[in-house]
Amino acid sequence: RAGRFHSFQRDPMNDLPLGQLAAAVAGGAAVAYALVAINSSKRAPVPHGTVLYYHSSCQGFTGRADAIVRMLEHAGCKYECKAPSDVPASFAEEQGCFAVPFVSFPGGLVLSQSQAIHQHLGRVLGLYPKTLDDEARAMQVALNAADLISEGGKKFKEDPARLKKWLGVFEGTLGRTGTGYFVGDSLTYADFASYSWLKLMLTLTTASAFPRIEAFIKMMDSLPSTQAFNAKGVPLLPASMMP
């Protein structure tokens with residue numbers, strides 16, 4: 001009966017010296033890491049038919065929907081922007097959405113929370129980081145921009161030192177990459193999440209003190225999609241909220 005086990009094939013990995021075994025395991029981990037990175041950079045079809053819900057249907061101001069609009073415009077995506085009064089009741093009851101902006105995608109996905117929307121749009125529109133490390137860095141930049149928004153320009157007028165500290169963080173991030181982008185060597189959602197707010201904040205201080213941010217804004221300003229959207233004259237904030 002023992003003879004029936006004679007055809008069992010010995011695993012050659014069991015015969016490897018410890019050093020070679022460790023190298024093989026490390027190599028496998030590197031391959032797995034690369035496969036995850038490749039998978040994360042895959043671009044889905046442009047989600048034509050996307051619906052964005054935000055105050056004034058983004059006609060009076062863009063606010064926290066600014067980066068969403070700009071990414072959709074940059075990708076040439078056909079989308080519609082509706083008012084909060086048009087939001088289906090199911091968004092709150094079934095989709096976990098609380099406050100606009102909301103985005104409804106053609107496949108049925110509905111998202112709230114600006115940074116979640118930015119990240120997902122970045123992935124489907126080809127504006128997503130190329131490595132796992134840069135995925136984390138992009139989210140950090142986007143969340144820094146969200147904190148900048150939350151603190152608000154009026155507060156920075158009263159505390160210019162804090163504004164300079166914040167701008168120094170963004171200036172340093174651009175210095176670390178050395179590419180003109182916040183992450184990697186190409187546009188990502190982190191750039192769109194930061195653009196309009198940094199442009200506004202620079203008007204409250206000595207812009208020349210932050211040359212990398214100035215150059216970044218000029219680069220974003222030069223994008224055809226940015227020029228076309230800026231020509232519409234839709235402000236970032238209502239006049240009552242401007243610093």
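**Exercise 1.** Determine which residues Leu-121 contacts, leaving aside its neighbours within four places in sequence.

*Solution.* Contact means heavy atoms within 4.5 Å. By this criterion, Leu-121 is in contact with Ile-68, Met-71, Leu-72 and Phe-105. The model is predicted: local features need pLDDT of at least 70, side-chain atom pairs count only at pLDDT 80 or more, and totals for chains, interfaces and linings use all residues. Residues are numbered from 1 along each chain as its sequence is written, and side-chain values use heavy atoms, with hydrogens and water left out.

**Exercise 2.** Describe the surroundings of Thr-50, beginning with its burial.

*Solution.* Step 1: Thr-50 has a relative accessible area of 0% and is therefore buried (under 20% relative accessible area, 1.4 Å probe, protein chains only).

Step 2: A polar atom of the Thr-50 side chain lies 2.6 Å from the backbone oxygen of Pro-47.

Step 3: Leaving aside neighbours within four places in sequence, the residues in contact with Thr-50 include Cys-77, Tyr-79, Val-103 and Phe-105.

**Exercise 3.** Establish how far Thr-50 and Leu-72 are apart in sequence and in space.

*Solution.* Along the sequence, Thr-50 and Leu-72 are 22 residues apart. In space, their C-alpha to C-alpha distance is 8.9 Å. Leu-72 is also one of the residues in contact with Leu-121.

Terms used. Buried < 20%, exposed > 50% of the residue type's maximum accessible area, 1.4 Å probe, protein only. Polar contact = N/O pair within 3.5 Å; in protein donor to acceptor, adjacent residues only side chain to side chain.
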